[in-house]
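Biologist: I would like to learn how to read a structure feature by feature. Could you walk me through one?

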Amino acid sequence: MPYLSATPPQPAKKRYRLPTKNKIPADYCTIPSAYSPRLSLIHKTQLDISYKTTLNKAAFVSFVLTLLTSPEHAAHPTTAVKGYIFSLTEGRQLTLKDFDKTSAAINLPDAYSLASINQAITRQFATKGITPLPEFKGPKDRPSEIYLDTNMHLHALLQPMEIAPYAAGVIDIDLDAK
């Protein structure tokens, strides 16, 4: 059979379509990174996002973003939190490394070290009566989710099941509390 073009025809790619009853309605969202992509294609998932501005001053804006993911037929929703601090003078997001520089400048070089963060966690667990997970020996890395409160205290947010049982919820550690 002669070809009409210089390249031979390519085999057709297989396409998979979901049955109509399993299509995700427009008022539902999916986050493929949060759980199995297969689950997100088969089940409806509702995503609720909220935020709370924790500090809004001339130099800083800080807020906490809460994501509540509710897969269809799940026993309960999944919660995740993200903390953000923005420097309005520098026009960028700040990290814990930026606060290391500040604490070193005021002669507190280890204020946000892994050891001091672990002490803050232990102190808060004792105050609130939270029992850590049995395998918890302290954080392996410094928290990446941070925010500032109205008193300019630096807080670290730890996800459910990261260091304590899910029932304890999101653990909010005030790193500047004494």
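**Reading the features**

Modeller: Gladly! Let us start with the rings: Tyr-51, Phe-63, Tyr-84 and Phe-86 form one aromatic cluster. Keep in mind that this is a predicted model.

Biologist: How many aromatic pairs does the structure hold?

Modeller: There are four aromatic pairs. One of them joins Tyr-84 and Phe-86: the ring centres are 6.2 Å apart and the planes meet at 5 degrees, so this pair is stacked. In general, a pair of aromatic rings is described by the distance of the centres and the angle of the planes. Phe-86 itself is partly exposed, at 28% relative accessibility.

Biologist: Thanks! On to charges: how many salt bridges are there?

Modeller: The count comes to three salt bridges. The idea is to look for a side-chain nitrogen of Lys or Arg within 4 Å of a carboxyl oxygen of Asp or Glu. Lys-82 and Glu-145 meet this rule, with their closest N and O atoms 3.3 Å apart. Lys-82 sits in strand 3 (residues 78–87), while Glu-145 belongs to the loop between helix 3 and strand 5, so the salt bridge ties together parts that are 63 residues apart in sequence.

Biologist: Which of these two partners is buried, and which is partly exposed?

Modeller: Glu-145 is buried, with a relative accessible area of 12%, whereas Lys-82 is partly exposed at 31%.

Biologist: Which residues are linked in a network of salt bridges?

Modeller: That network links Glu-90, Arg-92 and Asp-98. Arg-92 pairs with Glu-90, the closest N and O atoms being 2.7 Å apart, and the side chains of Arg-92 and Asp-98 meet at 2.9 Å, N to O. As for accessibility, Arg-92 is partly exposed, with a relative accessible area of 35%, and Asp-98 is buried at 13%.

Biologist: Let us turn to a helix. What span should helix 3 have, and how far apart are its end C-alpha atoms?

Modeller: Helix 3 covers residues 114–128, which is 15 residues, and at 1.5 Å a residue it should span 21 Å. Its end C-alpha atoms are 21 Å apart, in agreement with that expectation.

Biologist: Which residues of helix 3 are buried?

Modeller: A general idea helps here: an α-helix has 3.6 residues a turn, so residues three or four places apart point the same way. In helix 3 the buried residues are Ser-116, Ile-117, Ala-120, Ile-121, Gln-124 and Phe-125. Just after helix 3, Gly-129 takes a positive phi of about 70 degrees.

Biologist: And the strands? How many residues of strand 6 are buried?

Modeller: For strands, look at each face in turn. Five of the five residues of strand 6 (residues 154–158) are buried, so this strand is largely enclosed by the rest of the structure. Leu-154, Ala-156 and Leu-158 are buried on one side, and His-155 and Leu-157 on the other, so both faces are covered.

Biologist: Which strands does strand 6 pair with?

Modeller: Strand 5 and strand 6 run antiparallel and are joined by three bridges. Strand 6 also pairs with strand 7 (residues 171–174), again in the antiparallel sense, over four bridges. His-155 is a handy place to see both pairings: it is the bridge partner of Tyr-147, and it stands opposite Asp-174 in strand 7.

Biologist: What should I note in the hairpin of strand 5 and strand 6?

Modeller: Five residues lie between these two strands, and in this hairpin Met-152 takes a positive phi near 65 degrees.

Note on methods:
Residues numbered from 1 in each chain as written. Predicted model: local features only at pLDDT ≥ 70, side-chain atom pairs only at ≥ 80, totals over all residues. Heavy atoms only, no water. Expected span 1.5 Å × (residues − 1). Buried < 20%, exposed > 50% of the residue type's maximum accessible area, 1.4 Å probe, protein only. Phe/Tyr/Trp six-rings, centres within 6.5 Å; stacked < 30°, edge-to-face > 60°. Pairing = 2+ DSSP bridges.
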